[in-house]
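Biologist: I have a structure on my screen and would like to go through it with you, one question at a time. Could you take me from the terms to the individual residues?

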Amino acid sequence: MRDIWEKLKTVMMEEFLEPDDMTVVTEMTKLAEIPNWDSMAAVNLQILINETFHVEIPLDLLQEGAAFADLIGFIREPATIADAMCKLNGRS
């Protein structure tokens with residue numbers, strides 16, 4: 001998990017934070033806590049995750065309430081993405 005987190009954090013910091021930004025990012029940081037987080041940032045993160053980890057995470061799971069720990073779980077176990085989508089859509 002550390003390896004995934006380190007790669008994800010590096011990609012995220014390079015793409016979404018300015019060099020002088022003092023934002024502290026941990027696995028528990030929610031996407032909404034990233035400065036200037038919006039729908040375009042979600043699309044960019046989706047592309048970066050796909051390119052870096054070869055995992056397709058639907059945009060619905062990259063909403064403001066998602067934490068990096070959630071994304072790490074999806075990257076580690078892509079099969080959990082379908083279950084998360086069902087829960088999000090109110091299906092078991």
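Modeller: Let us begin with a term: two residues are in contact when heavy atoms of theirs lie within 4.5 Å. Please keep in mind throughout that this is a predicted model.

Biologist: Which residues does L88 touch, not counting residues up to four places away in sequence?

Modeller: L88 is found in helix 4, and with a relative accessible area of 48% it is partly exposed, since that class lies between the 20% limit for buried and the 50% limit for exposed. Its C-alpha atom is separated by 13 Å from that of I57, which is 31 residues apart from L88 along the chain. Leaving out residues up to four places away in sequence, the residues that L88 touches are D60 and L61.

Biologist: How do the buried residues of helix 1 fall when seen down its axis?

Modeller: Helix 1 has 15 residues and reaches 20 Å from its first C-alpha to its last, close to the 21 Å expected at 1.5 Å a residue. Its buried residues are I4, W5, L8, V11, M12 and F16. Because these buried residues fall within an arc of 135 degrees when seen down the axis, they line one face of the helix.

Biologist: Which exposed residues are carried by the face of helix 1 turned away from its buried side?

Modeller: The buried residues of helix 1 have a cover that includes helix 2 and helix 3. On the face turned away from that buried side, the exposed residues are R2, D3 and E14.

Biologist: What span should the 15 residues of helix 2 have at 1.5 Å a residue?

Modeller: In helix 2 the buried residues are A41, A42, L45, Q46, L48, I49 and F53, and what covers them includes helix 1 and helix 3. The expected span is 1.5 Å times one less than the number of residues. The end C-alpha atoms of helix 2 are 21 Å apart, which agrees with the expected span of 21 Å.

Biologist: Which backbone nitrogen does a side-chain oxygen of D38 reach at the start of helix 2?

Modeller: A polar contact requires a pair of N or O atoms within 3.5 Å. At the start of helix 2, the side-chain oxygen of D38 comes to within 3.2 Å of its partner, the backbone nitrogen of M40.

Biologist: Is V43 buried, partly exposed or exposed?

Modeller: V43 is found in helix 2, and its C-alpha lies 9.4 Å in space from that of P58, a residue 15 places apart from V43 in sequence. Because its relative accessibility is 25%, V43 counts as partly exposed.

Biologist: Which residues of the largest nonpolar core touch the most other members?

Modeller: This core has 30 residues, and helix 1, helix 2, helix 3 and helix 4 each supply at least two of them. The residues that touch the most other members are L8, L45, I57, F68 and L71.

Biologist: Is T29 buried or exposed?

Modeller: T29 is found in the loop between helix 1 and helix 2, where its side chain reaches the backbone nitrogen of T26 at 2.8 Å. Not counting residues up to four places away in sequence, T29 touches V24, I34, A66, A67 and F68, and F68 in turn touches residues including W5, L8 and M12. Because its relative accessibility is 5%, T29 counts as buried.

Biologist: What kind of aromatic pair do F16 and W37 form?

Modeller: The count comes to two aromatic pairs. F16 and W37 form one with 6.0 Å centre to centre and 55 degrees between the planes, and this pair links F16 in helix 1 with W37 in the loop between helix 1 and helix 2, 21 residues apart. Both F16 and W37 are buried. Since planes under 30 degrees apart count as stacked and those over 60 as edge-to-face, the pair is tilted.

Biologist: What phi does H54 take just after helix 2?

Modeller: N36, in the loop between helix 1 and helix 2, is not a glycine and yet has a positive phi of about 65 degrees; at 71% relative accessibility, N36 counts as exposed. H54 lies in the loop between helix 2 and helix 3 and counts as exposed at 68% relative accessibility. H54 is not a glycine either, and just after helix 2 its phi is positive, at about 60 degrees.

How values were computed. Residues numbered from 1 in each chain as written. Predicted model: local features only at pLDDT ≥ 70, side-chain atom pairs only at ≥ 80, totals over all residues. Heavy atoms only, no water. Helix = DSSP H or I, 4+ residues; strand = E, 2+ residues; numbered from the N terminus. Buried < 20%, exposed > 50% of the residue type's maximum accessible area, 1.4 Å probe, protein only. Polar contact = N/O pair within 3.5 Å; in protein donor to acceptor, adjacent residues only side chain to side chain. Core = buried A, V, L, I, M, F, W, Y, C linked by side-chain atoms within 4.5 Å. Phe/Tyr/Trp six-rings, centres within 6.5 Å; stacked < 30°, edge-to-face > 60°. Arc of directions from axis to C-beta.
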